[in-house]
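Got the viewer open? Let's walk through this one selection at a time.

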Amino acid sequence: MGTPGWSARPVLACGEVRTCLLPSFQALDGRAAAQLLRLRADEPVRVSERPNLYALSPDVLTGVDCRLPTSNGAKVRAVGTVAARAALTEGRVLQATACFSAPATGPDTRRPWGHYLVRPGLVEPFGKLPEQAAAEGVLRGGERGELDLGMIAESLLAQLLRHPLLDHKPPFKSRRTHLRWAARRAPRGEGPSLERFTLAEDGLRTVELRLPEETPAAAAAGLCEDLALHDWLLTTVVHMLDNSRLGAVDGPSAVLALRPAVDHLLHLWMPRAHVDRTLGHLWDVLEREPGFTRQWQTLVQRIRDQLAVQAIPLLHEALSSTR
Amino acid sequence: MLVFAASDKGGTGRSVTSANLAYHRALAGDDVCYLDFDFGSPTAAAVFDVPDARQAAEDRGLHSYLVGDVGEPVRIDVWSDTEHRVLRNRPPGSGRLVLMPGDLSGGEFATTEDNLRRCVDLLLRLNSEFDLIVVDLSAGRSYAVDMVLEATSQREMRGVEFRWLVFHRWTRQHVAAAASLVFGKRGIVAGGVARGHEEEALRSVIRFVRAAVPDPESALWSQVSATQSAWMRECDRDLKQLASSHGIGYSLVLGSVPLEPVLQWREQLITDEDVLDSQIANRETWEALSELAGRLTDDKYWEQA
Amino acid sequence: MTEAVFRETTAQPRTQAVPLAHLSLELGHLYMEDFEAGPGRLREHFAEVRIWVDAARAAAARRLGGKRPRISTCFLVDDYFTRFSTPAELVPLVLEEAERAGLVIDYLARESGCAVADKIEVAEAVMHRLVESPPPGSYGSRPPVSQTGWLANGQRTPATRGAMAEVTTWQPPQETAARNHSVFMDVELWSEKDGQRLWSCPFLAAVWQLARLGLLRHLGEPVLTPRPWNGGDFPYDWDRLPPLLQLNASAAPFSAYRTCTLMANRFLAVEDAVRLILDQTDVDSGALGQIAERSAREGAAVPAAVAQRATYVFYEEPANALSAEEG
C-alpha cells in the first residue's frame, strides 16, 4: 500500500474481503469500472485489460483508536489507519478489502495524528503486540468495540453500491462471502506459505498466511482477493445448481435457472490473474487439496451437459417441423 | 422484490400473516428475508419460534444497525435456529429463510440522514441477495413507514421493485382506518408523494389484505342458527359495500385470510403438518396463505385497478 | 526475479516529481479590505515583512549548515471570496510596493486557483483525502466529514438522539490530543448556497499550503504549476490571469520542502485551522515519498507530519491600518 519505508516494520497483516455480484443488469466496461472505483478525484483507478478486465481503486483510509480483537482476551489498544480498497473483475464481481499491518511494538501513548497519517495502513499497538492472539482474534471476529475490518469493508461497499452507474437489477440473486485473513511474518529465510484455508458457515472463510518481511500488505491483500473471488464463484455456482433442482423439475426451468451462470460467471475463472508474482504459487496447495479448479471444471461440465441435453428435444422439434 | 407490510392498528395479524407469507415463499424455493421493523414490539422471534433471536437481538438488531451502533444487523437462519419441530426439517428445494429481528430495547426513533442512508444500504444489499424481502412495519403511520417511504424515493433505489400490503381486520372500524392509513390526509400515498413518489405509481403498488375474515360459508360456522347465519351474511355484504365506498374494494384486495384460531391465539407459522396431521389449523387458512404468497409476485394482481 | 515482460500503463500509474526549493516564503495575502485601505497599507505591510524575510532567510541558511538555500517568494491575492480591482491595476501596484521595500515577488497566485486550477477541482480532491483523527473508541465507523462539512480536533458534545433516548446533561467536547485540558476546535470546510459549494478560507489556505509543499497531484501529474509571465501587460479580468504566475524568470522552484508564511496576526485563527486540516489530510503517498527521500539526500530532511513543515510569522498590524492613507 505504498507505505513509505520508515521505522516500524510490520510483523502482522490482517484483512477482510467482501465479495459480491455487481448489482447491475449488464457488466461494466473498463471505462465505467474506472468511474465506479474513482474513490478519490485526484488518484487514478488501475485498470488492466490482460489477461482479464480488472480495475482496482486507490486506497482510502479510516482512522481507528480501539482495542484489537484477541483470542486470549488480552486488551491491546491500537491507533492508526486501516486501508480499504475495491476491485472489480470483468465488470461483474465487486470486492472490497479493509486491511492493516501492525509492528511488534508501539509507543505507550497516542502520537499526533500526522504521525499515523504518513504511515497509511499501519496500526500501532500500545506496547507489545500479542501477534498470535491478535491474528486469531481477527480471524475469529472481534467483540463489539474492537477493531472491525468487516465494518470498514462493508461501508466502502455500501458507498460504491450507491453509485448512479448501478441500476440494482442484478441478473440473479447471490450471497456475499466474507474472507478474513491474517499473515504473520515467516521465519527468516523462509518463503511465503499458505497455512490454512477454512470454509466456515454463513459465507465466512478464513485464510492464514506466513509472509516474508519484504512482502507488502497490498500483495497479501491481492492474493486474498483472488482467493475470495474464486471461492465466491464456486459458492455461487454450487448454490445455483442446488436451486435449479436439476432432475427434480422439468428441463426448461432448470435451464432457465442455469442460464445466468453461462452468461455471467463461467468466463471468470482465472486464478492468479492479478496476484503478485512472489505469491502466485500459494494457489498450488489449494489446487492439490481440495482442488478448486477441479471442482470448477466439474461444475462447468455439468452445466454444459445439462444445456446440451435440454437442446436435444428442441433439435428434434426443429427437425420434425422442417419435414 | 421488497414487500412492505403495514396495518392501520395493532392486532390485525399483520406480523403473523406476513411471516407466514415469507414462509410459503421460502417453501416454494425463493430466498426470503424477513425484516422486523416493528420497533418497540418485535414479535418475529416468537412467530418463527427462534428464542435465540431474542438473545442475539439484545443489542445487535435492526434498531442498533439503523442508529449506527453496529455495522450489520444480526441475521437468523430460521431453518437451522428455530425450535419449531417441523420447521427444523428444511424441505428439499426450499429457499433460504432469514430473519432480521428488531432490538428488544429499541423503540421508535426519528429518521435522520444517517439512519436513512443505512436503511437504503441495507435494502440495496438484501435486494441483490434475496428474491423476496418482507418488511414488517409498526402499525399506523409510524416512523418505520416514513423511513421506508423516504428510502424508496431515493435515487439509488430506483431500480428496486417494491410493493405494499396493508392488513386490516374485517370490521367497520378497521375498514375505515385502513382506508385512511393509505388514502387519508396523512396517509401513505400523501406521505409518499411529499417525498417524491409519483402518485399513480405508488397507488398501483398498494394492495389490501383482509385478515381474520369469518367466512359465513365455512364449516366453522355450520352449527350457527339460521338467524345468525343470515346476520353474518348481511354484515359481510355491508362490509363489502363499506370497503368499496372507502375506495378499498375488491379490485384493490390481494386476498383474504380466514378467521383462524391458531393465528388468533398463538401467533405462529402454520405448517402443512398443522393442517394435515395434527389438524389444528384449517385447510382453508393454509390455502389462503399459499394463494396470497403466490399473488405477491403475480403481476396479474397488480395491474392498474 | 526478472522484470516482467508485459506492462500496462493504466495498471501501473506513476507519480511525477516536481522541482523543489528549500523554502517557500509567502510575502502576503491580499484581501479586498487591504486593497481598499490604499497603497499606504501595502507599503506598511512590505516594510514590516522585509524584516522577517531577512530572518527567515537566515534561519533557512542556518538549517542547511551555511549552504545557500533555494528560496522562492510568493504572494496570494483573494479573487475567490470577493472580486475587486483588476490584475492590470493591482499587480503592478503590488510589485512596485514590494520593490520599494527591497523585496522580489517570484510567484503570484489567485486564491480561486486553490479551488479550481486549470479545470481541475483541486479543493474537491483534497476533501476526498481527509482522514479524520479518530477519537478513542473508534473501531471502524467512518465519521461522515464529507456530509457535514465540519472537521474537528476531537469529540464534539454529543447530540441528543432519538425520541426515546433519555435526556442527558451537557457534556463538554474533548480534544483528542489534549494534555490535561482541551483546546477544542471545529472548522467549517465549506458551506452550500443554492446548490453551490463555497469553500472556507481555512480550507483553501490548506490547499495553498499543500501546493507550496509540492504535495498536490492530479492522476499523478502536478497541479497548480507556475505559468511564466511574458513581461507584457496584465489582463483586465482575474479569470484570464493564470492561477499561478511566475513573475521572476530566475526564481527558485515554487514548491519547497518547507513553507514560511508572513502575515498579520489577525490570521492566527485561520492558520490554526489550516494546521488542523493538514493534520488530517492523507496526502499523495508518491509525492510524500519523493520529498522525504530528496530532502534527506540534501541534508534538509523534512518532518514526517506535513503540518510540521509549515511555519509562520504573525506580525502586529499598524494601529491605524485601515485609515493609513498617507502611510
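Here comes a tour of a predicted model, moving from a sheet to a core to an interface.

Start with chain B and colour its strands. You'll find an open sheet of 8 strands, in the order 3-4-2-5-1-6-7-8, with mixed pairing. Look for the edges: strand 3 (76–77) and strand 8 (253–258) of chain B each pair on one side only.

Now zoom in on strand 2 (residues 32–37) and strand 4 (residues 97–100) of chain B, which run parallel and are joined by 4 bridges. Pick Leu35(B) there, and Met100(B) in strand 4 stands opposite.

Next, add helix 1 (residues 14–27) of chain B. Helix 1 packs on the sheet, and the strands it touches include strand 1 (2–7), strand 5 (132–137) and strand 6 (162–169) of chain B. Its direction makes about 170° with that of strand 5. Then show helix 7 (residues 143–152) of chain B, which also packs on the sheet, touching strands 1, 2, 5 and 6, at about 140° to strand 5.

Select Val166(B) next. Leaving aside neighbours within four places in sequence, its contacts include Ala6(B), Leu181(B), Ile206(B) and Phe208(B). Val166(B) is also among the residues that touch the most other members of the largest nonpolar core, which has 257 residues; Val82(A) and Val122(C) are on that list too. Helix 5 (residues 217–244) of chain A gives this core its largest share, 14 residues.

Last stop: where do chains A and B meet? Here 22 residues of chain A are in contact with 16 residues of chain B. On the chain A side, highlight helix 4, which supplies the largest share, 5 residues. By class, that side has 9 nonpolar, 4 polar and 9 charged residues.

Note on methods
Residues are numbered from 1 along each chain as its sequence is written. Chains are lettered from A and ligands numbered from 1 in the order in which they are written. This is a predicted model: local features need pLDDT of at least 70, side-chain atom pairs count only at pLDDT 80 or more; totals for chains, interfaces and linings use all residues. Two residues are in contact if their C-beta atoms, placed from the backbone, lie within 7 Å. Helices (H or I, at least four residues) and strands (E, at least two) are DSSP runs, numbered from the N terminus. Ala, Val, Leu, Ile, Met, Phe, Trp, Tyr, Cys and Pro count as nonpolar, Asp, Glu, Lys and Arg as charged, and the others, Gly among them, as polar. A nonpolar core is a set of buried Ala, Val, Leu, Ile, Met, Phe, Trp, Tyr and Cys residues joined through C-beta atoms within 7 Å. A residue is buried if 20 or more other C-beta atoms lie within 10 Å of its own, exposed if 12 or fewer, and partly exposed in between; C-beta atoms are placed from the backbone. Two strands pair if DSSP finds at least two bridges between them. Axes are lines fitted to C-alpha atoms, for helices over the stretch in contact, and angles run from 0 to 180 degrees between N-to-C directions.
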